[in-house]
Amino acid sequence: MALQNYCKAAVLSKYFGHGAKLVAASGQTRSATWWTNVEMGPPDAILGVTEAFKRDTSPKKMNLGVGAYRGDDGKPFVLPSVKKAEKMIVEANMDKEYAGIIGIPEFGKAAIALALGENNPVLADGRNVTTQAISGTGALRVGAAFFSKWYNPSKVFYIPTPSWGNHTPIFKHSGLDVKSYRYYDSATCGFDAAGALEDISNLPEGSVVVLHACAHNPTGVDPKQEQWKEICEVMKKKKLFPFFDMAYQGFASGDCDRDAWAVRYFLEQGHNIALCQSFAKNMGLYGERAGAFTVICDNKEEADRVMSQVKILIRPMYSNPPIHGARIVSKILHTPELRQEWLGDVKGMADRIITMRKRLRDGLAKEGSSHNWQHITDQIGMFCFTGLKPDQVERLTKEFSVYLTKDGRISVAGVASGNVDYLAHAMHEVTK
Amino acid sequence: MGPPDAILGVTEAFKRDTSPKKMNLGVGAYRGDDGKPFVLPSVKKAEKMIVEANMDKEYAGIIGIPEFGKAAIALALGENNPVLADGRNVTTQAISGTGALRVGAAFFSKWYNPSKVFYIPTPSWGNHTPIFKHSGLDVKSYRYYDSATCGFDAAGALEDISNLPEGSVVVLHACAHNPTGVDPKQEQWKEICEVMKKKKLFPFFDMAYQGFASGDCDRDAWAVRYFLEQGHNIALCQSFAKNMGLYGERAGAFTVICDNKEEADRVMSQVKILIRPMYSNPPIHGARIVSKILHTPELRQEWLGDVKGMADRIITMRKRLRDGLAKEGSSHNWQHITDQIGMFCFTGLKPDQVERLTKEFSVYLTKDGRISVAGVASGNVDYLAHAMHEVTK
């Protein structure tokens with residue numbers, strides 16, 4: 001032990017100087033180090049993109065890795081309706097009491113009504129078990145914990161290929177197994193309907209199928225309504241469980257009802273779904289962590305039982321959820337003028353994204369690109385799978401200071417009037 | 001159908017009671033002398049400044065707002081603690097105290113090899129056990145509360161702790177033990193510290209009441225700092241729910257103290273990997289308020305006064321309750337009411353006495369005889385003394 005400490009001291013003092021020698025020497029009187037076995041974890045890929053971007057000194061640099069909306073000025077955007085709601089809340093001198101395990105009641109009611117439609121009979125019948133959650137990730141985690149403990153037909157969650165990178169660890173850390181079904185067709189940069197349907201129809205009965213309700217992350221590729229209908233039918237026939245992840249309601253098309261169409265359709269068709277919602281993007285509430293998890297049950301009696309167990313899972317996670325973001329959401333959704341204003345704000349964001357997509361595609365045409373860039377405007381939401389190959393991505397970054405992830409994904413939120421032409425030029429240069 | 005929440009049941013029964021004299025002593029949140037929730041003036045000021053600063057609402061990063069984490073651990077360990085200067089702390093923002101415990105439990109479950117057993121005091125906060133179990137740990141206990149004296153069972157605690165297998169994790173309430181209000185004295189902490197060093201046990205501190213217990217932040221953190229000085233590399237869970245009245249804003253922190261910065265970097269990387277699939281990144285509002293207060297000298301001073309005010313009111317109510325019982329002519333020894341500290345008081349009342357308190361006097365408390373002193377006020381402390389005397393005389 002003494003020899004180890006001596007060596008440790010020698011090594012440490014080489015790197016950290018005298019102080020370290022004292023540290024190591026006193027280690028003899030200090031408890032044994034507990035954490036020698038802890039390895040350094042892999043660095044975060046997307047973070048790496050942002051760090052490289054920060055180091056770049058080019059005045060033309062573009063960060064297309066960012067997963068948060070930016071205004072046309074390239075800056076973070078706090079929605080006017082959100083600012084108003086927050087001001088009202090703070091001036092109302094509300095207390096800061098605990099919200100209760102499932103959160104602020106008005107928030108949960110408003111969130112699920114937004115998703116399913118105010119007049120959805122499922123709500124009137126009390127069939128929904130809805131809990132406030134820590135944004136979309138928290139909703140997924142609560143859902144995964146519930147399924148891991150209570151869903152007996154299967155412990156396997158099937159996610160699309162590709163899917164959001166955090167889906168897999170969320171489900172695995174909850175004790176579930178994670179497999180996948182075909183989804184993205186790199187040949188067309190579109191939806192692999194045949195592959196998806198084939199894979200889904202071959203899943204064991206009772207399997208849980210994770211579906212991105214709209215604005216698929218990371219591809220931006222969504223099934224068309226007819227394709228959703230086919231998926232719905234197959235899943236009914238094969239008794240598969242639809243687990244919806246809806247992180248972009250309103251943010252995708254600019255229309256909340258339209259973006260929730262698939263969720264509502266599946267319910268109408270008789271599926272008792274699970275649904276994860278996030279208000280990070282559609283209300284720009286990112287760091288406030290406002291989200292919700294819902295399970296639709298057969299009837300109120302079942303809902304009461306399920307609710308009691310959901311609470312039992314949440315309490316040892318974090319006791320009760322953060323109130324601020326949920327109060328903002330609730331204030332907006334329950335105040336007619338604010339709600340109207342918000343609908344305009346979110347449409348504004350969606351429209352800017354859609355406009356940038358069009359300008360990028362037009363820009364590529366103007367550059368004389370011979371490739372088919374239709375997918376740029378066919379895809380929807382924050383992200384676009386450009387179809388660029390890794391070597392092309394590398395050139396984009398090295399030669400043009402355009403930063404994006406290796407899979408060719410760009411965040412359209414990082415595109416603005418002032419740089420969309422430059423981006424078109426850069427993309428043309430590396431693909432011509 | 002899962003079992004109903006016991007404490008919630010108390011509140012629901014309280015709500016249904018129509019007696020004008022009813023008292024809710026189950027509530028685990030501070031109340032002013034008017035019986036109402038209390039938003040600290042320093043907190044209101046800080047929040048106003050934050051909202052008027054037009055800050056964005058971007059994600060904070062997996063471990064939260066950097067200034068928050070730095071301020072939180074500096075408050076716990078003292079600004080000039082060499083551990084901080086040496087970069088030996090791994091500190092992450094967490095979803096209040098529960099979230100800190102959960103992150104800590106997840107980290108220990110995955111990375112702490114010597115043991116997967118957490119030892120908690122008897123009794124402990126009800127949520128400790130499910131937090132640890134849901135994280136894959138086993139939960140056992142050590143003696144702590146002496147119901148004969150309504151005080152600390154020092155001999156029992158030391159004996160049990162000294163018999164734990166090497167490497168066991170011992171959960172310690174840093175101050176204002178929940179639910180008993182019984183804290184070890186400094187001499188007793190020293191003995192616990194020594195035994196744990198000798199037997200190579202891991203100190204896992206839960207500090208939910210720093211400042212709120214005695215009114216003095218440094219005093220309430222004494223045990224935590226002492227253990228560190230003595231060479232323990234501790235883990236620490238902090239909550240700002242009570243001491244800043246930030247309950248629903250969920251501001252807390254989890255810390256592991258490492259041997260050196262290189263180890264801290266490795267541990268930090270793994271802590272992040274565990275948090276990301278839990279909730280990605282923590283809520284910013286409460287943390288911004290904490291950070292604003294702790295980093296703004298006038299606000300910090302004001303807050304120290306606010307938290308002392310809360311602690312003093314609790315301490316005053318304890319004294320008045322004890323005096324009230326004496327005045328009622330009670331022959332029992334109620335010294336523990338003023339010996340105990342913090343939000344809660346283990347009265348020593350038996351279940352049947354508790355039932356009478358509720359049925360005959362509309363005083364609501366938990367079956368174990370625990371009252372929340374936060375629910376006691378100038379306007380009802382004499383009534384409470386009378387009621388307690390009636391069921392115990």
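**Stop 1: B:Asp17**

Start by selecting B:Asp17 in this predicted model. Is B:Asp17 buried or exposed? With a relative accessible area of 14%, B:Asp17 counts as buried, because the cut-off for that word is under 20%. Colour chain B by secondary structure and you will find B:Asp17 in a loop, with α1 (6-16) on one side and β1 (23-24) on the other.

Now show what surrounds B:Asp17. Which residues does B:Asp17 touch once its neighbours within four places in sequence are set aside? They are B:Lys22, B:Ser362 and B:Tyr364.

For a sense of scale, add B:Ser269 to the selection. From C-alpha to C-alpha, B:Asp17 and B:Ser269 are 52 Å apart in space, and 252 residues separate them in sequence.

**Stop 2: the annotated domain in each chain**

Next, select residues 21-387 of chain B. An unreviewed UniProt entry labels this span "domain: Aminotransferase class I/classII large". Helix makes up 47% of the span and strand 15%, and its end C-alpha atoms lie 11 Å apart.

Move to chain A and select residues 60-426, where UniProt (again an unreviewed entry) gives the annotation "domain: Aminotransferase class I/classII large". Here the chain is 46% helix and 15% strand, with 11 Å between the end C-alpha atoms.

**Stop 3: A:Ser163**

Stay in chain A and pick A:Ser163, in the loop between β3 (156-161) and α8 (167-173). A:Ser163 is buried, since its relative accessible area is 13% and the limit is under 20%. Show side chains, and look for the polar contact of 2.7 Å between A:Ser163 and A:His167. Leaving out neighbours within four places in sequence, you can also pick out contacts from A:Ser163 to A:His212, A:His216, A:Asn217 and A:Pro218.

**Stop 4: salt bridges along helices**

How many salt bridges are there over all chains? The count comes to 40. Let's visit a few.

Select helix α10 (residues 225-237) of chain A, which holds both A:Glu226 and A:Lys229. The two residues are three apart, about one turn of the helix, and their side chains form a salt bridge at 3.6 Å, N to O. A:Glu226 is exposed, at 52% relative accessibility, whereas A:Lys229 is partly exposed, at 30%.

Then go to helix α17 (residues 390-400) of chain A. A:Glu394 and A:Lys398 are four residues apart there, so about one helical turn separates them. Their side chains meet in a salt bridge of 3.3 Å, N to O. A:Lys398 counts as exposed, with 66% relative accessibility, while A:Glu394 is partly exposed, at 45%.

**Stop 5: across the two chains**

Show both chains together and select A:Glu288 and B:Lys57. These residues form a salt bridge, with their closest N and O atoms 2.7 Å apart. Where does each partner sit? A:Glu288 is in the loop between β9 (274-278) and β10 (290-296) of chain A, and B:Lys57 is in the loop between α2 (41-52) and α3 (66-77) of chain B, making this a pair that crosses between chains. Both A:Glu288 and B:Lys57 are buried. Add A:Glu86 to the view: A:Glu86, A:Glu288 and B:Lys57 are linked in a network of salt bridges.

**Last stop: confidence**

Finally, colour chain B by pLDDT. Its mean is 96, and 100% of its residues reach 70 or more. For the model, the scores are ipTM 0.96 and pTM 0.94.

Conventions. Residues numbered from 1 in each chain as written. Chains lettered and ligands numbered in written order. Predicted model: local features only at pLDDT ≥ 70, side-chain atom pairs only at ≥ 80, totals over all residues. Heavy atoms only, no water. UniProt positions renumbered as here; feature names shortened; annotations may be inferred. Buried < 20%, exposed > 50% of the residue type's maximum accessible area, 1.4 Å probe, protein only. Contact = heavy atoms within 4.5 Å. Polar contact = N/O pair within 3.5 Å; in protein donor to acceptor, adjacent residues only side chain to side chain. pLDDT = per-residue confidence, 0-100. Salt bridge = Lys/Arg side-chain N within 4 Å of Asp/Glu carboxyl O.
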